[in-house]
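This report introduces one protein model to a reader who has not met it before. The sequence and the structure appear first, and the description follows.

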Amino acid sequence: METLQRISTAARRLWTQWSISQRVTVLSAVVLSLAAIVGVGLWSTQSEMVRLASQLSPEDAAEIVAQLDAANIEYELSYSGSTISVAKTTLNRARLASREILGEGHNAMEVEDSIWADPNVQSIRIQRQLEQRMAASVARFTAIREAVVHISMAQPTPFVRDQSPTTASVIVDLVPGAGFSPQDAEAVVSLVSHGVEGLRPADVTLMDTSGRLLNSSQGLVADVGGQLEYVRTLESHLAAKAETLLSQMLGAGRALVRVTADVDFTQSERMETTYDPESKVKLSETIKSESHTGFGRPTGGAAGTPSNVVRPTSISESPVTTKVEENTTEYANTETRDTVKETPGRIKRLTVAAIVDLTSPEGGEGSTITTSEVESLIKQAVGFDRERNDEINVVSSPLAGLSEVSAPVVPLWEQYAPLVQQLSLGLGALLMFVLGLLILRRLQPLNLPSAESETTDESVRRLAELTIRARENPELVATVLEHWLDDESSSDSTDVASARPRRSAA
């Protein structure tokens with residue numbers, strides 16, 4: 001206790017010795033120190049926030065927040081409400097509360113990165129990270145809003161010689177109204193196949209959220225939807241070419257062309273070999289020569305003939321040499337081998353129907369073009385081929401419902417009505433601003449001279465006069481002060497005497 005008293009006494013003595021500025025500085029430092037201690041304590045007691053879900057749409061984020069509020073789980077929103085974080089201690093509860101909204105992708109097992117983890121689990125974690133990176137890369141395409149990538153790869157093992165190949169499936173959510181061409185699908189497949197080791201483009205499957213296959217290993221042969229789209233695009237393209245050509249000559253809305261295409265989607269491959277009998281090439285030549293020497297007359301004639309029969313003679317026979325030569329030459333004609341591969345999408349037959357309005361418009365001259373000329377132009381535009389047995393039918397008739405409708409005449413005051421409305425609003429705002437300034441000017445207080453200021457000036461003037469007189473006659477001033485002090489002491493004694501009876505009476 002004595003120590004505390006000494007410390008308090010020393011502190012009070014030190015406090016009385018300080019000036020006002022020093023006291024304010026010390027108090028400010030103490031307050032800041034206490035605020036820092038309290039802030040650090042509150043910050044250290046807060047729970048560690050971990051991410052529950054990210055890249056959420058506003059609808060999904062609102063549903064997850066509603067589920068967390070119902071489960072009484074604290075959360076934080078960040079990145080414009082697309083990311084939700086919860087305390088690490090309540091992460092499992094938050095996942096259970098929002099499992100229906102997040103789906104299987106977010107509810108999947110989270111693998112912790114640790115040196116003591118199972119190697120198989122580590123490979124799964126690496127594969128999942130690869131899938132997420134590939135999905136983020138695919139989602140960067142302009143026509144793709146979101147993508148999900150699944151990769152299936154066999155675990156490397158030295159005990160299996162022939163392992164199943166790596167495959168991948170990609171599901172994309174296309175932007176409504178955005179075009180997604182086969183070239184875009186090929187680009188996505190190429191991106192995924194080059195981003196995964198051992199993955200071939202033929203083992204990648206690409207589809208959209210409606211279940212439509214966007215790529216096929218066999219091209220248009222196996223994709224029926226792609227075949228229909230190809231035929232529709234081809235027919236629209238040929239019809240638009242013919243209509244554009246006729247509209248430049250007859251006018252807009254005076255020609256209607258429809259094309260029906262019979263397309264062959266069969267893919268075939270054949271090999272053709274052609275020989276040229278006029279040109280020959282010597283491949284090989286063999287010359288065989290034999291010689292034989294013996295006694296006797298040379299035999300002649302064919303075998304079994306009288307001339308070939310040896311007749312005995314008494315004269316000694318002279319030696320005879322026999323020589324046989326055999327020449328074999330092998331020739332080959334010029335050979336040409338061609339491999340012809342027919343791709344699907346070949347046009348087998350075209351059927352064209354057209355309606356043209358060759359009548360003269362009102363107030364204009366009659367058309368000088370004939371139906372046969374129109375038919376000839378359409379044939380040239382669509383690529384008419386008689387060998388394919390293409391057909392065309394052109395009919396000259398007015399087109400109902402395509403007459404030009406004159407635009408309604410808008411009155412002048414209706415054209416400038418929005419401008420007048422904006423000007424009136426601007427003038428009204430300016431008028432209200434001026435009225436506000438006038439009202440504020442009226443409400444300003446008036447600076448009138450107060451009685452206190454006049455009294456102060458008068459007292460200052462009198463004090464100055466008294467000072468001058470005191471300097472001129474100090475004895476008179478001392479006498480006056482003595483009389484004032486005597487009067488004050490007598491009045492105080494009277495007040496004390498009058499107060500004593502009152503206390504006794506009480």
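The pLDDT is the predictor's confidence in each residue, on a scale from 0 to 100. The structure shown is a predicted model. For the protein, the mean pLDDT is 76, and 76% of the residues reach 70 or more. Confidence is highest in strand β5 (residues 166–174), at a mean of 91, and lowest in helix α5 (residues 99–107), at 59. Over residues 104–113 the pLDDT stays under 50, and the model has 14 contacts beyond four places in sequence for this stretch. Residues 499–506 also have a pLDDT below 50, and they show 0 contacts in the model beyond near neighbours in sequence. Where pLDDT is low, the predicted coordinates should not be read in detail.

**General composition**

The protein contains 13 helices and 11 strands. Of its 506 residues, 18% are buried. Its accessible surface amounts to about 39,100 Å², and carbon and sulfur atoms account for 56% of that surface. Among contacts between residues at least 6 apart in sequence, 67% join residues at least 24 apart.

**The sheet β7-β10-β11 and the largest core**

One open sheet has 3 strands in the order β7-β10-β11, with mixed pairing. Strands β7 and β11 stand at its edges with a single partner strand each, so one side of each has no neighbour in the sheet. On average, neighbouring strands of this sheet are turned by 10° against each other, direction ignored. Strands β7 and β10 run antiparallel and are joined by 10 bridges. Within this part of the model, Val257 stands opposite Ala354 in β10. Helix α9 packs on the sheet and touches β7, β10 and β11, and its direction makes about 140° with that of β11.

The largest nonpolar core has 26 residues, and those with the most contacts inside it are Val257, Val259, Val356, Val374 and Ile378. Two or more residues of this core come from each of α8 (224–250), β7 (255–264), β10 (346–356), α9 (371–382) and β11 (391–396). The largest share, 7 residues, is given by α8. What does Val257 touch, not counting residues up to four places away in sequence? Its contacts are Ala239, Ala242, Glu243, Leu246, Val352, Ala353, Ala354 and Ile378. A second, separate core has 23 residues, including Ala185, Val189, Leu199 and Val204.

**The sheet β4-β5-β6**

Another open sheet of 3 strands follows the order β4-β5-β6, with mixed pairing. Its edges are formed by β4 (144–152) and β6 (199–208), each with a single partner strand, so one side of each is left without a neighbour in the sheet. From one strand to the next, the twist averages 20°. Strands β4 and β5 pair in the antiparallel sense over 8 bridges. Ser152 is placed opposite Thr167 in β5. Helix α7 packs on this sheet, touching β4, β5 and β6, and its direction makes about 130° with that of β6.

**Individual residues**

Four residues illustrate different surroundings, and the table gives the relative accessible area of each.

| Residue | Relative accessible area | State |
|---|---|---|
| Ser85 | 13% | buried |
| Asp184 | 26% | partly exposed |
| Asn389 | 54% | exposed |
| Asn72 | 68% | exposed |

Ser85 lies in strand β3 (residues 83–87). Why does Ser85 count as buried? Its relative accessible area is 13%, and buried means under 20%. Not counting residues up to four places away in sequence, Ser85 touches Met49, Val50, Arg51, Leu52, Glu74, Tyr75 and Glu76.

Asp184 belongs to helix α7 (residues 182–195). The C-alpha atoms of Asp184 and Phe141 are separated by 8.8 Å, although these residues are 43 residues apart along the chain.

Asn72 and Asn389 are found in loops. Asn72 is in the loop between α3 (58–70) and β2 (75–78), and it has a positive phi of about 60° although it is not a glycine. Asn389 occupies the loop between α9 and β11, and its phi is near 60°, a positive value in a residue other than glycine.

Technical notes. Residues numbered from 1 in each chain as written. Predicted model: local features only at pLDDT ≥ 70, side-chain atom pairs only at ≥ 80, totals over all residues. Heavy atoms only, no water. Core = buried A, V, L, I, M, F, W, Y, C linked by side-chain atoms within 4.5 Å. Buried < 20%, exposed > 50% of the residue type's maximum accessible area, 1.4 Å probe, protein only. Helix = DSSP H or I, 4+ residues; strand = E, 2+ residues; numbered from the N terminus. Contact = heavy atoms within 4.5 Å. Pairing = 2+ DSSP bridges. Axes fitted to C-alpha atoms, helices over the stretch in contact; angles between N-to-C directions. Areas by Shrake-Rupley, 256 points an atom, 1.4 Å probe, with all protein chains shown as cover.
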